[in-house]
Amino acid sequence: MNPPRRSSSSHSDRPSTETQQRNNSSNSGVILDISALKMTEVDTEVPPLPPRYRFRDLLLGDQTFQNDDRVQVEFYVNENTFKERLKLFFIKNQRSSLRIRLFNFSLKILTCALYIVRVSLDNPKESNGNSCALGQCWNNSWTNTAESTEINWGLIFWVNRRVPVWAIQVTVALISFLETMLITYLSYKGNIWEQIFQISFILEMINTVPFIITIFWAPLRNIFVPVFLNCWLAKGALENMINDFHRAIQRTHSAMFNQVFILICTLLCLVFTGACGIQHLERAGKHLSLFDSFYFCIVTFSTVGYGDVTPQIWPSQLLVVILICVALVVLPLQFEELAYLWMESQKLGGNYSRHRAQTEKHVVLCVSSLKIDLLMDFLNEFYAHPRLQDYYVVILCPTEIDIQVRRILQIPLWSQRVIYLQGSALKDQDLMRAKMDDAEACFILSSRNEVDRTAADHQTILRAWAAKDFAPNCPLYVQILKPENKFHVKFADHVVCEEEFKYAMLALNCVCPATSTLVTLLVHTSRGQEGQLSPEQWQRMYGRCSGNEVYHIRLCDSKFFGEYDGKSFTYASFHAHKKYGVCLIGVKREDNKSILLNPGPRHIMAATDTCYYINITKEENSAFIFKQEEKDKGLSVTGLYDAPSRLPVHSIIASMVDQATSYGTVAIDLQNPDPPEESSKLTLPTENGAGSRRPSIAPVLEIADSSAILPCDLLSDQSEDETNQSDDEGSVGSDFVKGYPPNSPYIGSSPTLCHLLPQKAPFCCLRLDKGCTHSSFEDAKAYGFKNKLIIVSAETAGNGLYNFIVPLRAYYRPRKELNPIVLLLDYPPDNHFLEAICCFPMVYFMAGTIDNLDNLLQCGIIYADNLVVVDKESTMSAEEDYMADAKTIVNVQTMFRLFPSLSIITELTHPSNMRFMQFRAKDCYSLALSKLEKIERDKGSNLAFMFRLPFAAGRVFSISMLDTLLYQSFVKDYMIAITRLLLGLDTTPGSGYLCAMKITEEDLWIRTYGRLFQKLCSSSAEIPIGIYRTESHMFSTSECKDSYAQSQVSINVEQGVEHRERGEPWKEKTSHRNSTTSDQSEHPLLRKKSMQWARRLSRKSAKPSSRAERISQQRHNLYRRSERQELSELVKNRMKHLGLPTVGYDEMNDHQNTLSYVLINPPPDTMLELNDIVYIIRSDPLAHMPDDSQVGQPRSTRNQQDFGTETRDETHL
């Protein structure tokens, strides 16, 4: 029976074992209740149940089985002890410990106040006689006479303390003593000496124990106790109380605030201790009052030292020495800590307080790195609007503030309105510092200077997600770089994809010259005051028209358009421009969120429509003064413009250019001087074509007349083209059909009806420089293209390049005007991109670079009309920021010299580098433009670079110029939508599109821009919005001897000659303009300020030059001719080496002596010039198609349209 004995013995020992387990568990914090595990003794062993029965019992819920194995566990039992509960109440719990510390702080302040009361009631003369009842050792030892220089120590050790004051002090001391002992016991950690020798504990004992002793020994009630030392204990209690307060409210306070608070408390404690100590010690000397002692301490610690109040006995003097030594040790350390925290806070930025966020309006700008150009563009554009002057800008950036940015933010103009915070948008603490939840808007910008632009987009996406998660109601304005990443931030209120806008703008620059300049000027805020002091007429007119922007107003609230309620859109647009000088370009119905550009004459204006128009200023800032009132008041139109808030009838611009247009200009030498083959819409009316009477134009009807509008044949031109084209032309474009592209390279692209191939082209046929089984052509000449090429030079075939092809293959482009597109890529494209472009006609690619002449010749640069150079991602980041464009600029300058007639459109990273495009080192005119740019920049202009000739002509632009589009959308939320419609990125049903037309000699009978507006509205329902004008200009390459005189260089004819021409017929003016053009090609003309100066200059030029001057001129011409011939020979030799004919290169002429510029919404009386290109918004040809419009179309066209519709439904997400 050995097992039963062992079992009983083990059971007998179980209580002690359980006791030991409880003791151990009390230390570990867990109690195991095993009382339920006691089992009765059995003599026989019972076999265990089979496993299947145990599993069945668990499934059936056998409670007896579960109760037998259950163990009850209690947690946090160590907090149930009395000591732990006290510690939780006095120390650990934030709220209760905050109350305890507040009570302790009140006690310390009360003791200091009682000391001041005791001092004010104390009289040293009375306390000298009855200071102590113990033996009269102090009174017998010292004599209290005024003449005695000995120290009366009795006055120092004994004071006169009244009974009420003593009773209160004893009570406070008793409470403080008990609290101190309790806190010391609760915070005991094993070392008693560490607790005893703490300074706070020693001070507590000094200030409390003597008072407690006086309870039991009455003679010691008048003993001096340095109660004023409690101010240091109050300081520590206050610091702990503030910490507990912030812990209780779950908020962190600034370390700067803590350090300043500690420093102030230290100074107060030093001054209070010194004042009380000196006053008490001087009881045995000069008997200073407490105020005198305080005055002495302030004078001493401020290092002034008047010397009118000084301590007289050595104990007080010793105390002053000790205080000064302590101050010299403590204060510098705290000042050093304060300075360090201040420097760190300057790096990190401050906090935007909650009170300011709730009482002021602010926006948050989140960037990964802040450059000076980005900051100034944002600030200038943001604060250009009058209603944003009271807004604050909080910049949240993870990097340390740049030195240049710091200097800018220290300017008083920005220092009061811009707050820089160093922090991450992914941290809620930093978003809380910026008060993102109270912000009016949040701008999240991408870092376009990064080498990996995809990584930059990923960072932007995370910032947008973090901002939306933290502040769901805050409007987000997000800038993204890659189009494939756009759908990740689709939830944002406004999104601008850089590559989408960039490539679409570059594409339109090829068919509508200077579209980039047009859009850039529209999205910049300006008052049209740039260049008004310039002597150049084109600069004044160009600067004045650059102030036009897009505005909106409801029809019922507008004086511009209110009278056209119930009229057609075309009628309202023409008459508003004729009467007020404003250009109505779009409208939006109240029940429709889509904006329609030029919805056509069938659109009837309603009172609830929102009108979008182009003007110098919005209607709310305009004053209406009619012509009759002007005559009565005797006011000139120019004087009215000087008033900033007035807008006279016929437009400010129309009134100001009356004098400007009287001088006249000559426009020649555009890229394509040959007139188009098709007949112009601006044909001369036959009924009024004869005689001297000016031809009339049909009026614009109030209600659309279907018979008066030219029929749209964009969808039915296929059959007509087939009948009109010859046999050799039929093979080029007769197989094109219209439909939606079946494949989009990224999610989120807007479906656009385009010219497509009936079948996708094989990938091998897309390679321009290599033949295949389907085609043996190996260069652009072999293809025999009828139209000029468009060459795009890019580093890689990104998805954004798809937006370059779509606008050039849109359905509204005439098929016979489609230009072949050649993609010159540094790296071959992948199959995904080729799959997206293989459905477009005449789109090819070639691997090569623009710095290789052979690659340029193989891709057909001598047959190209436009060369688009896209900024390369690998060169966007450089050690010196502005050197990122160095390679692009030099390569373009080389092509500019090799192919002078080629139109090169270049994208740069930095707008300031556009001054190096088409650089002429000794051109005095360029130097004059540089001075003009500096003058405009000093005036605070946002468009100081606008007078640079490459930008004005649309030959160069920087995508950073479109950053203002995102900033301006904060005030004008429709700007992004309108810009996308203008660029063809979005195609809204019923909305028009941007195109251009050239003014030929047959069109000059219209004479003025206003009559052109009427002719287009009445005949084809098109809305003109601006003019692209080209003027001849001879650039001098000689050294500048007189920069001011050289700045006057221009091609305008004499003022007196133009005045004489005003009475002549229009045809005679045209012939004179052409003759003037031929005369101007011989020598440069200077702008004449007077006829006398012009004649004197002509007489001087007529004099025969000296022999030395003739030889110098011949040598200069020989040098130029030899350089040009050398370049020509280089190109021809390379072409012969490649087996290319040189005929095309021989026909290239030097057309560089021209300047071009854009006039946005010019006045109605602006004279049209030969070769002017007019920007027009043409109505959507699909908007009002009849139901049977597809009847009679070829079957292949309908099938392709149906196929395009199906593919659009498949790819739409």
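1. Ring pairs join Phe378, Phe382, Tyr383, Tyr391, Trp414, Phe443, Tyr477, Tyr967 and Phe970 into a cluster, where rings of Phe, Tyr and Trp (its six-membered ring) count as a pair if their centres lie within 6.5 Å. This is a predicted model, in which local features need pLDDT of at least 70 and side-chain atom pairs count only at pLDDT 80 or more, while totals for chains, interfaces and linings use all residues. Residues are numbered from 1 along each chain as its sequence is written, and side-chain values use heavy atoms, with hydrogens and water left out.

2. Phenylalanine 443, a member of that cluster, touches Val363, Val364, Leu365, Cys366, Phe378, Phe382, Tyr477, Leu966, Tyr967 and Phe970 when residues up to four places away in sequence are not counted; contact here means heavy atoms within 4.5 Å.

3. The largest nonpolar core (a set of buried Ala, Val, Leu, Ile, Met, Phe, Trp, Tyr and Cys residues joined through side-chain atoms within 4.5 Å) has 208 residues, of which Phe382, Phe443, Phe561, Phe804, Phe840 and Ile861 touch the most other members. Helix H23, residues 498–511, gives the most to this core, with 8 residues. A second, separate core of 29 residues includes Val364, Ala467, Ile480 and Val495.

4. In the structure as a whole there are 37 aromatic pairs. Tyrosine 542 and tyrosine 1157 form one that is tilted, at 6.2 Å centre to centre and 55° between the planes; planes under 30 degrees apart count as stacked, over 60 as edge-to-face and the rest as tilted. This pair links distant parts of the chain, with tyrosine 542 in helix H25 (residues 537–545) and tyrosine 1157 in strand E23 (residues 1154–1160), 615 residues apart. Tyrosine 542 counts as buried because its relative accessibility is 0%, and tyrosine 1157 is buried too, with a relative accessible area of 1%; buried means under 20%, exposed over 50%, and partly exposed in between (1.4 Å probe, protein chains only).

5. On the surface, Tyr188, Ile192, Trp193, Phe197, Ile202 and Ile206 make a nonpolar patch of about 620 Å². Such a patch takes residues with over 30% relative accessible area and no salt bridge, nonpolar side chains (Val, Leu, Ile, Met, Phe, Trp, Tyr) being joined within 5 Å and like charges within 9 Å, and a salt bridge is a side-chain nitrogen of Lys or Arg within 4 Å of a carboxyl oxygen of Asp or Glu. Isoleucine 202 lies in helix H12 and counts as partly exposed because its relative accessibility is 36%.

6. Over the chain, which has 48 helices and 24 strands (DSSP runs numbered from the N terminus, helices being H or I of at least four residues and strands E of at least two), buried residues make up 51% of the 1213 residues.

Technical notes: Areas by Shrake-Rupley, 256 points an atom, 1.4 Å probe, with all protein chains shown as cover.
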